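This report describes a protein model through its ionic pairs, its helical and nonpolar packing, and its aromatic and backbone features.

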Amino acid sequence: NDLGPTENFASLPKIDGPAVVLRTGPLGLETESSGNFISIKGTEQVSLANGSWEMLWLEKKAAGSIVLAFDLDHNVRRNDAILKSGGVYISFPVFTIEGLKAMREERKEFEDTMQLHIDTEAQELKIVNETKNLFTKALHFRRAVVANEKFMRMRAIGAADVPSKDEDLMQVGEDLVIFSKGSVWSKESKRPNCLFVGKAALKM
């Protein structure tokens, strides 16, 4: 549902900058029941109120996010973990079907190239250890170093985080899938930034 200007819904976190090019704007979200957890006091309720959500899409990416926002009116404690009152946000990655396929192919190519560098380094070091010729030893040691440097550079860059299992995805609409594993963030009223709280799971 579109939110009217006078309706009281949780504020979504401010996410902007050149990377975010499309966003739906805030939409209404109804919660069917309160959450709960088991503590030393027994079953305790977690009432998340004033739900809202929006979808964000990233520039030059076949991926985006669905972000949900709620208000938590009191601190929630379980053992040493505390979820403080304020804004609570849950985000799940979203992909186009064709985009996800392309990203998986790019990740596989990235991983195959990294493995090639690992194998090359091992092969060159094997020659280094087996030969008695100092020139050959120096030549192949240098090749091993180059392969290691290429591997380390790629590892520093990292591959895109892409879901690998179809069972972790749920189709929404004609051309979108949502990843069932997301993140939970919170924002206390006195703090300007959101803090990572933990992981979220979307039940199919």
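In this predicted model, Asp168 forms a salt bridge with Lys181, and the closest N and O atoms of the pair are 3.8 Å apart. The two partners belong to distant parts of the chain: Asp168 is in the loop between H2 and S10, Lys181 is in strand S12, and 13 residues separate them. Asp168 has a relative accessibility of 16% and therefore counts as buried, the limit being under 20%. Lys181, at 49% relative accessibility, counts as partly exposed.

**Salt bridges**

The count of salt bridges comes to 5. Among them are the three pairs listed here, including the one just described.

| Salt bridge | Closest N and O atoms |
|---|---|
| Arg104 and Asp166 | 2.9 Å |
| Glu111 and Arg107 | 3.0 Å |
| Asp168 and Lys181 | 3.8 Å |

Arg104 forms its salt bridge with Asp166. Arg104 lies in helix H1 and Asp166 in the loop between H2 and S10, so this pair ties together parts that are 62 residues apart in sequence. Arg104 is partly exposed at 25% relative accessibility, whereas Asp166 is exposed, with a relative accessible area of 52%.

The pair of Glu111 and Arg107 is placed within one element: both residues lie in helix H1, 4 residues apart, which is about one turn of the helix. Each of these partners counts as partly exposed, Glu111 at 38% relative accessibility and Arg107 at 27%.

**Helix H1 and its surroundings**

Helix H1 covers residues 97–130 and has 34 residues. The distance from its first C-alpha to its last is 50 Å, close to the 50 Å expected at 1.5 Å a residue. Which residues of H1 are buried? They are Gly99, Leu100, Met103, Phe110, Met114, His117, Glu124 and Val128. The cover over these buried residues includes helix H2 (134–157) as well as strands S6 (63–72), S9 (86–96), S10 (169–172) and S11 (176–179).

**Nonpolar cores**

The largest nonpolar core has 17 residues, of which Ile66, Leu68, Leu72, Val76, Ile90 and Phe92 touch the most other members. The elements that contribute two or more residues to this core are S5, S6 and S9. Apart from this core lies another, of 8 residues, with Met103, Leu169, Val177 and Phe179 among them. Met103 is also one of the buried residues of H1.

Ile66 can be followed in further detail. When its neighbours within four places in sequence are left aside, Ile66 is in contact with Trp53, Glu54, Met55, Ile90, Ser91, Phe92, Val94 and Ile178. Among these contacts, Ile90 and Phe92 are also listed with Ile66 as core residues that touch the most other members.

**Aromatic pair**

How many aromatic pairs does a search of the whole structure find? The search finds 1 aromatic pair. The pair consists of Trp185 and Phe196, whose ring centres are 5.3 Å apart; their planes stand at 70 degrees, so the pair is edge-to-face. Trp185 lies in strand S12 (residues 181–187) and Phe196 in strand S13 (residues 195–201), so the pair ties together parts that are 11 residues apart in sequence. Trp185 is partly exposed, with a relative accessible area of 32%. Phe196 is likewise partly exposed, at 48%. Strand S12 is also the element in which Lys181 lies.

**Backbone at Asn50**

Most residues other than glycine have a negative phi. Asn50 has a positive phi of about 60 degrees although it is not a glycine. Asn50 is found in strand S5, which runs over residues 48–58. At 28% relative accessibility, Asn50 counts as partly exposed.

**Overall description**

The protein contains 2 helices and 13 strands. Of its 204 residues, 31% are buried. Among contacts with a separation of 6 or more, residues 24 or more positions apart account for 60%. The accessible surface of the protein comes to about 14100 Å², and 53% of this area belongs to carbon and sulfur atoms.

Terms used
Residues numbered from 1 in each chain as written. Predicted model: local features only at pLDDT ≥ 70, side-chain atom pairs only at ≥ 80, totals over all residues. Heavy atoms only, no water. Expected span 1.5 Å × (residues − 1). Buried < 20%, exposed > 50% of the residue type's maximum accessible area, 1.4 Å probe, protein only. Contact = heavy atoms within 4.5 Å. Areas by Shrake-Rupley, 256 points an atom, 1.4 Å probe, with all protein chains shown as cover. Phe/Tyr/Trp six-rings, centres within 6.5 Å; stacked < 30°, edge-to-face > 60°. Core = buried A, V, L, I, M, F, W, Y, C linked by side-chain atoms within 4.5 Å. Salt bridge = Lys/Arg side-chain N within 4 Å of Asp/Glu carboxyl O.
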